[in-house]
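Here's a quick tour of aromatic contacts. Have the model open as you read along.

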Amino acid sequence: MGMTIAEKILKAHLVDGEMVQGQEIGLRIDQTLTQDATGTMAYLQFEAMGVDQVKTERSVAYIDHNTLQSGFENADDHKYIGSVAKKHGIYYSKAGNGICHQVHLERFGAPGKTLIGSDSHTPTGGGIGMLAFGAGGLDVAVAMGGGAYYIPMPKMVRVTLTGKLQPWVAAKDIILEVLRQMTVKGGVGKIIEYAGEGVAMLSVPERATITNMGAELGATTSIFPSDEVTKAFLEAQGRGDVYAPLSSDPDAVYDEEYTVALDTLAPLAAAPHMPDNVASIAELGAIPVNQCCIGSCTNSSYYDMMKVAAILKGKHIHPDVSLTISPGSMQVFNMLAKNGALSDIISAGARILECACGPCIGMGQSPESAGVSLRTFNRNFEGRSGTQDAKIYLVSPETAAASALTGVLTDPRTLGEMPVIEMPAHFDINDSMILPPSEHPETVEVQRGPNIKPFPLGEALPDSYSGKIVLKTEDNITTDHILPAGSKLLPYRSNIPYYSNYCFINVDPKFPSRCQEQGGGVIIGGSNYGQGSSREHAALVPLYLGVRAVLAKSFARIHKANLVNSGIVPLTFADPADYDAVELLGMISFPNLRAEISAGGQVTVQAGGKTFMADCDVSDRQRGALLAGGTLNYAKQQSK
C-alpha cells in the first residue's frame, strides 16, 4: 500500500510509537519557531529544562505580535527573548522584519522537514511541503531541547483541486470553500493533503494561504506537494539547495476525500462570527463597509500585495472606508517600495502599517462600534478585533481592495479585466534583521524585566477531588474567549497573575473572582472547546486560578494538549446528554480520580444529583503527566 506525503514525512521522523491511527507517535523535529506573544513563556520553560543549546537544525524567535510599545512591558519581553536566543543557539528576527509564518516561508522553510511553532498558524509551512504543526510553548521548548513532539496518529484526508481558478477568484476562496464543506470541526485529528491538476496552478504564497487556514478546520496540519512551483520559489529566494520533490504514491489510501472544482468557484466571504460561516459575495449583497484590512500571515505576501496595488492604482478608496495594508515581511515591503507599487497603494489613500500581525490579533485598528470590517485574515471570532460588537468578514485581498473602492461588499469580478501578476524570478534578499546566536554564549547574560513572572506549576493529581462548577460554556469556545488578545492585554502574556484577571471576561465577567472565591473548581464545556490559537496561557491562567479539570463534549487538539501539559485533566462526557445535568456553581466530585486516571479507564463523576462516567482519552505519556501535575513535573520525575 502506498503512502501519502504526510505519512512519508512522519515515517522519516518517527522516534516513538507506531503509525496506527489514534495511537500516540513521537516525532523528531527539525525546526521550531516562536512569536513574542507566546515566546516568553516558551523560553522560560526552555530555561527551566536546563538545556544549554538548542538541538534542532534551526530554531527562530520572531517578534511580530506585541510590537505596539505603549509601555515597557513589550520592549522588556523582546529584550528577554533576544538575550535567550543569543545565549541558547536561536536565531532572532527583530520587530519590523515581518510576520513569523511569512518570513519562515521565505527564509527557512524546506520541503520534507518537520516544524513546530508556538502559534496555531504554523501549518502555513505546508505550502512549501513541510509537515508543520502549531503547538503549545512547552512542546516547542521540549523540541528545542531535543525531545520528541507527540501527537495522536492522524487520519489522512485528500482535497482534490480540479480545473483552474477563474479571473478574480483567489486561494482564499478555495480555503473558504473547504471550510464550508468541512466546518471548523471537520479537520480535527486529520492531516489535509491537497492534490489534483489545480495544485500546479497555485503559487507557493497561494498554497500557504490555504494551509494557513487549515488551522480553522481544526486540522492537525495541511500540506501541498513539493514540485517545480516549489523549486522555483526556493530558487527565487536563493535557497534552491533545500528543494526536494515530494508527492504521494499513486496507491496512497485516504480516510476521507473532498473535491473543489476551481473553475466553478466564485468570490466568497466568511460572515460573522466563524470562519465556516461562508457565503458568496453575491449572496451576501452590497453590505456597507467601514474598514478593510489587508495583511496577516494569511494574505500578506508579495504576490497578494502586488494584486492589491494593481487594483488600487490610479483610484481612490471610498470616503467612508479606512483601508489598512500590512506587508508580511521586510522583503515584501522593500520590493513594493522599489517597484513603485507602494506609491500606488499610498496614493489611493491606504494606511500603511508595519510588517507585523497588527489588527489580526486586535493590536490596533479596532473597528468603530458595530462597524463592518472586511479582513484578509484567518479568524473572525466575536471580539477578536478589539470591538466586541464589530461584524468581521473574512475575504480575499481582491475582494477587500474592490470593496474599499466602492464602500460596499463588492464582487471583484465587477472591476473588469484582472491584472496579471507574475511571481518574481528573484526576491530581494536582506537578512540583516535576523540576528544569529552568539558564538560565545557563555558571555551572554539573559535580561529579565519586571513584567516577567514565574509560570504556575500544577500539583500532583489527588486521590479524589470535589469542587464547584465555576463556568459552563456553549460549543466552539475559542482561546480568544478564554483569554482575550489585543493591545491592552497581550503585553501581560509573561505575567500570569495579572493576566488571570481577564480570563473568560467576555464570556462571564465574574469568572476570575468566582474562582478566587471558590478556590478554583471545574469548567464545563461544549463541543470543540479551546479551538483557535495555540496560546498555552488558555491553560496556564485557569491553572493559576485553581481549575483542576475541564469536562467538555469535545476538545480542540492543541488546547487539550496544553491542558495536559499544565496538569489540568481534560475529560469528555461519555454520554453528551449528561452535559444538561450539570449547572453553574453546582458541586461536582471525582471520587476515584487518581486511581481511575492511572488505570486508564473511565472517570466517575458525581454532579447534578446523579453519577455518570467521563472519558479521559490520553496517551500513557500524558497520563503520567496528569498524575505528576503537568509535563514539566513529569519530565523531572523521569530524569531522576
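What follows looks at ring pairs and at charges sitting over rings.

## The overall count

This is a predicted model, and a search through the whole of it turns up 10 aromatic pairs. A ring pair is described by how far apart the centres are and by the angle of the planes.

## Y91 and F108

Start with Y91 and F108, a tilted pair with 6.4 Å centre to centre and 55° between the planes. It's tilted because 55° is neither under 30 degrees, which would be stacked, nor over 60, which would be edge-to-face.

The two rings come from distant parts of the chain, 17 residues apart. Y91 belongs to strand β5 (residues 91-93), while F108 sits in the loop between α4 (100-107) and β6 (114-117). Y91 counts as partly exposed because its relative accessibility is 24%; F108, at 10%, counts as buried.

## F233, F427 and a cluster

Next up is an edge-to-face pair: F233 and F427, at 5.6 Å centre to centre with 65° between the planes. Here the pair links parts of the chain 194 residues apart. F233 lies in helix α8 (residues 228-236), and F427 lies in the loop between α13 (397-406) and β20 (434-435).

Are these two rings buried or exposed? Both F233 and F427 are buried. They also have company, with ring pairs joining F233, Y302 and F427 into a cluster.

## Lysines over Y579

Which lysines put a charged end over the ring of Y579? K472 does, at 4.3 Å from the ring centre. K553 does too, with its charged end 4.3 Å from the centre of the Y579 ring.

Definitions and conventions:
Residues numbered from 1 in each chain as written. Predicted model: local features only at pLDDT ≥ 70, side-chain atom pairs only at ≥ 80, totals over all residues. Heavy atoms only, no water. Phe/Tyr/Trp six-rings, centres within 6.5 Å; stacked < 30°, edge-to-face > 60°. Helix = DSSP H or I, 4+ residues; strand = E, 2+ residues; numbered from the N terminus. Buried < 20%, exposed > 50% of the residue type's maximum accessible area, 1.4 Å probe, protein only. Lys NZ or Arg CZ within 6 Å of the ring centre and 35° of its normal.
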